[in-house]
Amino acid sequence: MRGLALQVQQGLGREPFCGDVFFFRGRSGSLIKAIWHDGVGLSLFAKRLDKGRFIWPQTTDGAVSLTAGQVGYLLEAIDWRNPQQTWRPQSAG
């Protein structure tokens with residue numbers, strides 16, 4: 001966690017203890033880590049996919065802001081840029 005917090009501070013120029021959630025993806029694309037500070041200490045979330053890769057946004061300056069919905073798609077390995085509904089009801093009755 002210290003290494004990721006240092007990447008946030010030095011690599012992104014952001015404050016790792018401000019309460020924001022920072023996501024990092026592994027080289028292969030199948031691992032994602034998130035760190036955040038909850039006011040008491042740093043927390044770490046990690047998820048590794050059995051199949052496939054996480055869809056990662058293109059960045060120009062090393063960081064991008066995501067909405068809560070986009071984060072949900074990201075964590076479910078859904079292409080958040082173009083989500084597709086798989087089923088839609090045709091009638092109410």
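Here is a chat between a visitor and a guide about the structure above.

Visitor: What kind of model is this, and what pLDDT do local features need?

Guide: It's a predicted model, where side-chain atom pairs count only at pLDDT 80 or more, totals for chains, interfaces and linings use all residues, and local features need pLDDT of at least 70. Residues are numbered from 1 along each chain as its sequence is written, and side-chain values use heavy atoms, with hydrogens and water left out. So for local features the cut-off to keep in mind is a pLDDT of at least 70.

Visitor: In what order do the strands of the open sheet come?

Guide: Strands here are DSSP runs of E with at least two residues, and helices are runs of H or I with at least four, both numbered from the N terminus. Two strands pair if DSSP finds at least two bridges between them. The pairing is antiparallel in this open sheet of 3 strands, and the order is β1-β2-β3.

Visitor: Which strands stand at the edges of it?

Guide: An edge strand has a single partner, so one side of it is left without a neighbour in the sheet. That describes β1 (22–25) and β3 (42–48).

Visitor: How many bridges join β2 to β3?

Guide: Take a few pairs: Ile-35 has Leu-44 as its bridge partner in β3, Ile-32 has Lys-47, and His-37 stands opposite Leu-42. The two strands run antiparallel, and the number of bridges joining them is 7.

Visitor: And over how many bridges do β1 and β2 pair?

Guide: On this side, Phe-23 has Ala-34 as its bridge partner in β2, while Phe-22 stands opposite Ile-35. The sense is again antiparallel, and the count of bridges is 4.

Visitor: Which residue in the turn of the β1 and β2 hairpin has a positive phi?

Guide: That hairpin has 5 residues between its strands. The β2 and β3 hairpin has 4, and there Gly-39 takes a positive phi near 95 degrees. In the β1 and β2 turn, phi is about 90 degrees for Gly-29.

Visitor: Which residue other than glycine has a positive phi, near 60 degrees?

Guide: Most residues other than glycine have a negative phi, and most peptide bonds are trans. The residue you're after is found in the segment after α2. With a relative accessible area of 28%, it is partly exposed, meaning neither buried (under 20%) nor exposed (over 50%), by a 1.4 Å probe on protein chains only. Its phi is near 60 degrees, and its name is Ala-77.

Visitor: Is His-37 buried or exposed?

Guide: His-37 sits in strand β2 (residues 31–37), a strand largely enclosed by the rest of the structure, because 5 of its 7 residues are buried. The relative accessibility of His-37 is 18%, so the verdict is buried.

Visitor: Which backbone nitrogen does the side chain of His-37 reach?

Guide: Contact means heavy atoms within 4.5 Å, and, leaving aside neighbours within four places in sequence, His-37 is in contact with Pro-16, Phe-17, Gly-19 and Leu-42. At 3.1 Å, its side chain reaches the backbone nitrogen of Gly-39.

Visitor: Which residues is Ala-5 in contact with, beyond four places in sequence?

Guide: Ala-5 lies in helix α1 (residues 2–11) and is buried at a relative accessible area of 7%. Leaving aside neighbours within four places, its contacts are Pro-16, Ile-35 and Leu-42.

Visitor: Which side chains along β1 are buried?

Guide: The side chains of β1 alternate between two faces. Phe-23 and Arg-25 point to one face and are not buried. Pointing to the other, and buried, are Phe-22 and Phe-24.

Visitor: Which element gives the most to the lining of the largest pocket?

Guide: The lining has 19 residues, with Val-21, Phe-22, Phe-23, Ala-63 and Val-64 nearest the centre of the pocket. Of these, Ala-63 is in the loop between β3 and α2 and is partly exposed at 33%. Both β1 and α2 supply at least two lining residues. The top contributor, with 3 residues, is β1.

Note on methods. Polar contact = N/O pair within 3.5 Å; in protein donor to acceptor, adjacent residues only side chain to side chain. 1 Å grid on protein atoms, 1.4 Å probe; cavity = no way out; pocket = protein on both sides within 12 Å on 5 of 7 lines; lining within 4 Å.
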